[in-house]
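Me: Please take a close look at one part of this model, the open sheet and what packs on it. Keep it brisk.

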Amino acid sequence: MRRLLRRYADLSLRDKIPLRVGALVVITATLVTGSLIVLEYETLRDDLLRNSSSLGRVLAKTLVAPLTHDDVWRAYEIVNTPFHARDDPAITAEILLVLDAAGRVYVSTQPKEFPMLADPALIDRDYAGIAGEITQYSDPEPKAIEGAGTGRIHVIAPITADGVRLGTLVMAYSKTAFIPRYLRIAARAALITLLVVAVLLPIGAWWGRRLAEPLVQLAEGMGKVGPGIPDDDGMRLPESRDELGQAAAAFRRMLAELRGKEQLEREVVATERLAAVGRLAAAIAHEINNPLGGMLNAIGTFKKHGGDEAFTAKTLSLLERGLLQIKETVSALLVEARVAPHPVTYDDIEDVRTLVLPNAQRKQARMEWQNGLREAVALPSTLVRQILINLLLNAVGAIAERGHVAARVHAEDGLLVLQVENDGQHISEARMPYLFEPFGPHEEGGHGLGLWVTYQIVRQLRGEIAVESASGGTRFQVRLPCEAAA
Amino acid sequence: MFRWILAAALCAGLPLADPARAEPQPLRVGLTPVFLDDQVAFLKRWRVYLEERLERPVVLVQRASYREINELVRQAKLDIAWVCGLSYVQNASRMTLLAVPLFNGKPLYQSYIIVPASDRTTQSIVGLRGRIFAYSDPDSNSGHLYPQYALIEHGQAPASFFARSFFTWAHRKVIEAVASELAQGGAVDGYVWETLARRNPEIAARTRIVQKSPEFGHTPFVARASLATREFAAVQAVLLGMSGDPEGAVLLEHLNLDGFVPGHRGLFDDIASMAKTVANAPAAATVR
């Protein structure tokens, strides 16, 4: 039962409201029919009593002559007359008894059961109970006696002439006799109820469904909010001023605000990317400056000594290597500014190494690098690179001089896994819960947007980010779902 | 139309006189329930038959009791009547025997003592002591005189033999009273019982004959003593001729009779002597 209730509670309003409307229709129809049937029972009973009273009056009057003349056969024919007009068995008496002044059977419609001269009380217990009433009742108006415990209603009509009591007419009606007629009426009422229900149920169902539709639309619209924010146009939200309309309007406002927030987040992420480039810039400038210094020295030497062919070649080679190194650095940087997305490749990961390596070298850090990417992965490269850069810059920032930083990238089972470790000061437990929040309370230097942006990007890519930090070091692991790009 | 007015006038017991009319005086025929007289359509056919054969209007007059018809004949308000043998012997001075029906080839019939079919033990009327008994008519031979006579023969007083007795005023209704067990015994014209057994076997089958009387002269057609000889002869000729006439034969078949014979007074001597015996029996004067 409870399970059934729960299942009912889980039903869509689209079904629940029509069900409730239907139940209401059925209950109303049943109650109305029921009360009509009860009323009909009363009417039927009153009809019976009225009919039998008037019949009793007529018969009692007609029986005066046969009783006066002691004409048994005439009396028998008279009491049998109502049985010849059997138009409605429900209204026909079961037994008619004519009792003489002493209360014995003068004549009856069932001579076998109630023979002449017999005492009815000895034949049927019903009469024992009402015998006193039968002999004492003298009002010319017939009277109905409905004895408890008897299956009959008795209508008694005294037969009197000139104030002399000749006898009594007793008409016995079975209480069950009008049950067939009653059932017929009930069946007809039930049929009408069914027809009414048959008409009202579809209307109720349609109306209920109409009522539920806006709620269902609203619920569906809300259900779509999650990873993405649905379009207003995609949903048919109710436009009205009732509570539903108000809810829909509030929902629309909420969607608009969510969209604004998302826009803002996107802007923050973009800004932060440029900020990361800025943080790289100093190290990169140094990176460019070093080969430039070497190349200038080489050119100076070449000018001073001029030279044979071998020296020229050596100088050119030196220049070439210096320029290549610069080119590499610059091109790695250029990608960061490029917006057009492309799948993540082995080279993208290598570019990050190029970009971060100068920062690491400034701390004379040992950088362990495992690039396990063999095939391109269908993820936006810019975002993946930004995650990796952010995590590596944080790692380099966290280590002491000559510390250790490790980066491992590989793809497995539709996941791109980025792992960054460092052996610097571990993250305090107090800070851990707020690690991915911007402007965290324990931020030392910087505004803490780095990890928040990383978190936002990971979430945007439907990935996960996990942190383990202990006294031995800290490890970030990012798992991004992806498909292998063609 | 005129005939109906006449009939209505007769039924109302008014003296009939319209000498201005050229049409002959109608023949007034009294009927009693000595046969199954409750078939209006048959009676109409019989009346038309008599009118055609007699070439004069015929009015059929029915009454609730034998006595009323007897009285109308005595007062010459009826020309002829179909009455009980007992009526004839009691009013022999005012009635002339016109014709006697032939039943099973004889101008004779019996009285039957019947009980409900559910009563399997009663052997004769003597076995019905203390029961409720139905007679047909106080002036009926088979339905009243014979059962009283039979009881007296057995040394019983009819007035106190039964717990209760009553009259149904018709033989057919005696059968109905016994069939419905309103009465536990009844006396009925054997000819009527046999005719009903042929026509409505289901009613007769609910009764059982426990005793049959000796044969008596059948219920006769009588004429008022004052009926003109010519008229008497014409009517008698028509009745006696019914069996020799196809149309009459059909009517006789319906009546379950073979025909009519002139009969003679001696046929009813047994009834007369029974009536005398009953009248002289102590405490047998009334049955009520």
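**The sheet in chain A**

Reply: Start with one rung: A:Glu464 has A:Arg479 in S10(A) as its bridge partner. This is a predicted model, where local features need pLDDT of at least 70, side-chain atom pairs count only at pLDDT 80 or more, and totals for chains, interfaces and linings use all residues. Residues are numbered from 1 along each chain as its sequence is written, chains are lettered from A and ligands numbered from 1 in the order in which they are written, and side-chain values use heavy atoms, with hydrogens and water left out.

Strands (E, at least two residues) and helices (H or I, at least four) are DSSP runs, numbered from the N terminus. Two strands pair if DSSP finds at least two bridges between them. S9(A) and S10 (residues 473-481) of chain A run antiparallel, joined by seven bridges.

Now widen the view. The open sheet has five strands, in the order S6-S7-S8-S10-S9 (chain A), with mixed pairing. S6 (366-371) and S9 (464-470) of chain A are the edges; each has a single partner strand, so one side of each lacks a neighbour in the sheet. From one strand to the next, the twist averages 10°. Axes are lines fitted to C-alpha atoms, for helices over the stretch in contact; angles run from 0 to 180 degrees between N-to-C directions.

Two helices come next. Contact means heavy atoms within 4.5 Å. Helix H10 (residues 346-362) of chain A packs on the sheet and touches S6 and S7 (404-412). Its direction makes about 175° with that of S6(A). Helix H11 (residues 381-398) of chain A also packs there, touching S6, S7, S8 (415-422) and S10. The direction of H11 makes about 15° with that of S8(A).
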